[in-house]
Amino acid sequence: MESRKRPLEAVLTADDSFKTPEKRVSEPRLQESEYMRWGVEQTCRYLRAEGLGDLEDKFRAQKITGVGLWYLRDADLEEMGLQ
(Lines give C-alpha, C1' and ligand atoms only; values in the text may rest on other atoms or scores of the structure.)
Protein backbone atom coordinates (compact mmCIF):
# COMPACT_ATOMS: atom_id res chain seq x y z
CA MET A 1 0.00 0.00 0.00
CA GLU A 2 1.37 3.38 -1.00
CA SER A 3 1.73 6.15 1.61
CA ARG A 4 -1.05 8.72 1.51
CA LYS A 5 1.22 11.57 2.63
CA ARG A 6 2.44 13.99 0.00
CA PRO A 7 6.16 14.29 -0.41
CA LEU A 8 7.70 17.22 1.46
CA GLU A 9 8.70 18.95 -1.77
CA ALA A 10 5.07 19.04 -2.89
CA VAL A 11 3.94 20.74 0.33
CA LEU A 12 6.62 23.42 0.54
CA THR A 13 7.01 26.24 -1.92
CA ALA A 14 9.89 28.62 -2.45
CA ASP A 15 8.03 31.28 -0.40
CA ASP A 16 7.60 29.03 2.62
CA SER A 17 10.04 29.49 5.42
CA PHE A 18 10.34 28.48 9.01
CA LYS A 19 10.90 31.86 10.62
CA THR A 20 10.04 32.60 14.19
CA PRO A 21 7.83 35.69 14.41
CA GLU A 22 9.62 38.70 15.79
CA LYS A 23 8.67 39.63 19.28
CA ARG A 24 7.88 43.27 19.81
CA VAL A 25 9.03 44.33 23.21
CA SER A 26 8.92 47.88 24.41
CA GLU A 27 12.08 49.29 25.84
CA PRO A 28 11.99 49.56 29.60
CA ARG A 29 11.60 53.21 30.46
CA LEU A 30 12.97 53.18 33.93
CA GLN A 31 15.18 50.81 35.82
CA GLU A 32 14.06 50.59 39.41
CA SER A 33 17.52 51.26 40.79
CA GLU A 34 18.10 54.28 38.51
CA TYR A 35 15.45 56.62 39.86
CA MET A 36 16.51 55.92 43.45
CA ARG A 37 19.73 57.88 42.84
CA TRP A 38 18.13 60.83 41.05
CA GLY A 39 18.44 64.27 42.49
CA VAL A 40 16.15 67.16 41.61
CA GLU A 41 17.98 67.93 38.35
CA GLN A 42 17.80 64.35 37.07
CA THR A 43 14.10 64.25 37.95
CA CYS A 44 13.53 67.46 35.98
CA ARG A 45 15.50 66.02 33.06
CA TYR A 46 13.19 62.99 33.13
CA LEU A 47 10.12 65.24 33.10
CA ARG A 48 11.45 67.09 30.05
CA ALA A 49 12.16 63.81 28.27
CA GLU A 50 8.59 62.69 28.91
CA GLY A 51 7.18 65.94 27.52
CA LEU A 52 6.31 67.30 30.97
CA GLY A 53 8.81 70.15 31.04
CA ASP A 54 6.06 72.60 31.99
CA LEU A 55 5.91 70.90 35.41
CA GLU A 56 9.61 71.30 36.00
CA ASP A 57 9.43 74.54 38.01
CA LYS A 58 6.91 73.13 40.47
CA PHE A 59 8.93 69.94 40.96
CA ARG A 60 12.09 71.97 41.46
CA ALA A 61 10.36 74.26 43.98
CA GLN A 62 9.21 71.21 45.96
CA LYS A 63 12.69 69.62 45.63
CA ILE A 64 11.26 66.35 44.35
CA THR A 65 13.89 63.70 43.73
CA GLY A 66 13.49 60.38 41.93
CA VAL A 67 12.38 58.65 45.11
CA GLY A 68 9.84 61.39 45.74
CA LEU A 69 8.60 61.09 42.17
CA TRP A 70 8.00 57.38 42.68
CA TYR A 71 5.82 57.96 45.76
CA LEU A 72 3.77 60.91 44.47
CA ARG A 73 0.03 60.41 44.68
CA ASP A 74 -2.80 62.33 43.07
CA ALA A 75 -3.41 64.19 46.33
CA ASP A 76 0.24 65.30 46.40
CA LEU A 77 0.02 66.62 42.86
CA GLU A 78 -3.19 68.52 43.71
CA GLU A 79 -1.43 70.14 46.68
CA MET A 80 1.27 71.30 44.27
CA GLY A 81 -1.44 72.88 42.11
CA LEU A 82 -1.28 70.25 39.37
CA GLN A 83 -4.23 68.45 37.86
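Helices, as the term is used here, are DSSP runs of at least four residues, numbered from the N terminus. With that in hand, Lys63 is easy to place: this residue sits in the loop between H4 and helix H5 (66-71). The model described here is a predicted one, and the loop makes a convenient landmark for a tour of it.

A look at the whole chain sets the scene. The protein contains 6 helices and 0 strands, so that its elements, read from the N terminus, follow the order α-α-α-α-α-α. Of its 83 residues, 14% count as buried. The protein exposes about 7800 Å², and carbon and sulfur atoms supply 49% of that area. Among contacts with a separation of 6 or more, 33% are accounted for by residues 24 or more positions apart.

Helix H3 (residues 40-49) is a good place to look inside, and Thr43 is one of its residues. In H3, Thr43, Cys44 and Leu47 are buried. These residues cover an arc of only 100 degrees around the axis, and therefore they lie on the same side of H3. The partners of the buried residues of H3 are H4 and H5, against which they pack.

Thr43 gives a closer view of this packing. Its relative accessible area is 0%, and because buried means under 20%, Thr43 belongs in the buried class. Setting aside neighbours within four places in sequence, the contacts of Thr43 are Trp38, Phe59, Ile64, Thr65, Gly66 and Leu69. Of these, Gly66 and Leu69 fall within the residue range of helix H5 (66-71), while Phe59 falls within that of helix H4 (residues 56-61).

Charged side chains add another layer to the picture. The whole structure holds 4 salt bridges, and Glu41, Arg48, Glu56 and Arg60 are linked in a network of such bridges. Glu56 takes part in this network with two partners named here. With Arg48, the side chain of Glu56 meets in a salt bridge at 2.6 Å, N to O. With Arg60, Glu56 forms a salt bridge whose closest N and O atoms are 3.0 Å apart. Glu56 and Arg60 are 4 residues apart in helix H4 (residues 56-61), which means that about one helical turn separates them.

The members of these pairs are covered to various degrees. Glu56 has 12% relative accessibility and counts as buried. Arg48, at 41%, counts as partly exposed, and Arg60 is also partly exposed, with a relative accessible area of 29%. Apart from these pairs, the side chains of Arg73 and Asp76 meet in a salt bridge at 3.4 Å, N to O. Arg73 is exposed, with a relative accessible area of 54%.

Two backbone details complete the tour. Just after H3, Gly51 takes a positive phi of about 80 degrees. Lys63, the landmark of the opening, also has a positive phi, of about 55 degrees, although it is not a glycine. At 64% relative accessibility, Lys63 counts as exposed; because the exposed class begins over 50%, this loop residue falls within it.

Definitions and conventions:
Residues numbered from 1 in each chain as written. Predicted model: local features only at pLDDT ≥ 70, side-chain atom pairs only at ≥ 80, totals over all residues. Heavy atoms only, no water. Buried < 20%, exposed > 50% of the residue type's maximum accessible area, 1.4 Å probe, protein only. Helix = DSSP H or I, 4+ residues; strand = E, 2+ residues; numbered from the N terminus. Contact = heavy atoms within 4.5 Å. Areas by Shrake-Rupley, 256 points an atom, 1.4 Å probe, with all protein chains shown as cover. Arc of directions from axis to C-beta.
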